[in-house]
Amino acid sequence: MTRRLIAATASAVLILGLAACDDGKGPVTTPPPDLGFEPQTSDGGGDESGASDGGGDGETQAAPDIPAPDRADFPGMNEHTEEGALQAFRYYIAVSMWAHQTGETEELHRLEEAACKGCQELNEAIEPMKEHGEYWSKFDVTDVGTRIYDSEHYDVEVAYFFTISPHTRPNDSFDGRFEAPEVEYISTAGMKWSGDGWTVKALDAEWGEDVHN
């Protein structure tokens with residue numbers, strides 16, 4: 001059985017959360033850590049069109065024109081193998097990050113189980129951004145590592161470590177934008193196989209500026 005081990009200590013913490021969730025109530029998750037920076041808001045003048053975007057041009061940030069992730073970049077994702085499950089989860093994460101930049105969620109929801117609570121927590125910012133028409137600005141996703149686990153509760157459990165490059169985001173009140181630094185992610189998923197391919201049944205994730213150490 002293939003094993004890829006990167007930052008094993010951190011990933012083991014997340015995998016325990018997935019293993020403990022087979023009680024019909026969804027995955028055990030914890031709130032993400034504080035990224036350690038404060039959003040920049042407008043000056044209170046009441047004109048949202050003049051809210052700061054962190055870059056000095058004073059404009060809101062609409063969805064960038066970014067192409068959807070290409071399935072060809074995730075070879076074997078439709079195969080009933082452990083590697084296929086891993087590639088399918090990497091694709092799911094790529095679609096999630098794309099949805100944060102565009103508001104497009106149809107493909108994202110197709111790839112996850114409806115009861116996947118951890119999926120909802122990872123993506124909870126998307127719907128409010130869609131309502132306001134503001135999104136995360138363009139950024140790059142960099143692979144850091146992966147791991148495949150045996151599982152007692154899912155067809156297979158997989159972990160994916162990655163970073164996203166600095167970018168801007170709307171603040172919580174959508175009256176301004178702020179500069180987000182490079183963010184590190186550790187994500188672990190319980191994957192389910194069906195005749196249509198792999199779906200994410202449970203997910204646990206942690207993110208911040210220094211979670212890979």
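## Tour from Ala68 to the open sheet

Select Ala68, which sits in the loop between α1 (8-19) and α2 (82-102); helices (H or I, at least four residues) and strands (E, at least two) are DSSP runs, numbered from the N terminus. This is a predicted model, in which local features need pLDDT of at least 70, side-chain atom pairs count only at pLDDT 80 or more, and totals for chains, interfaces and linings use all residues. Residues are numbered from 1 along each chain as its sequence is written, and side-chain values use heavy atoms, with hydrogens and water left out.

Ala68 counts as partly exposed because its relative accessibility is 45% (buried is under 20% relative accessible area, exposed over 50%, partly exposed in between; 1.4 Å probe, protein chains only). Add Met97, 29 residues away along the chain: its C-alpha atom is 10.0 Å from that of Ala68.

Next, show the whole protein as a cartoon. Five helices and six strands appear, in the sequence pattern α-α-α-α-α-β-β-β-β-β-β. Of the 213 residues, 46% count as buried.

Now select the open sheet of four strands, ordered β1-β2-β5-β6 with antiparallel pairing (two strands pair if DSSP finds at least two bridges between them). β1 (141-149) and β6 (197-208) are at the edges, each with a single partner strand, so one side of each has no neighbour in the sheet.

Within this sheet, pick β5 (residues 183-194): 11 bridges join β5 to β6, and the two run antiparallel. Show Tyr185 and, opposite Tyr185, Trp207 in β6.
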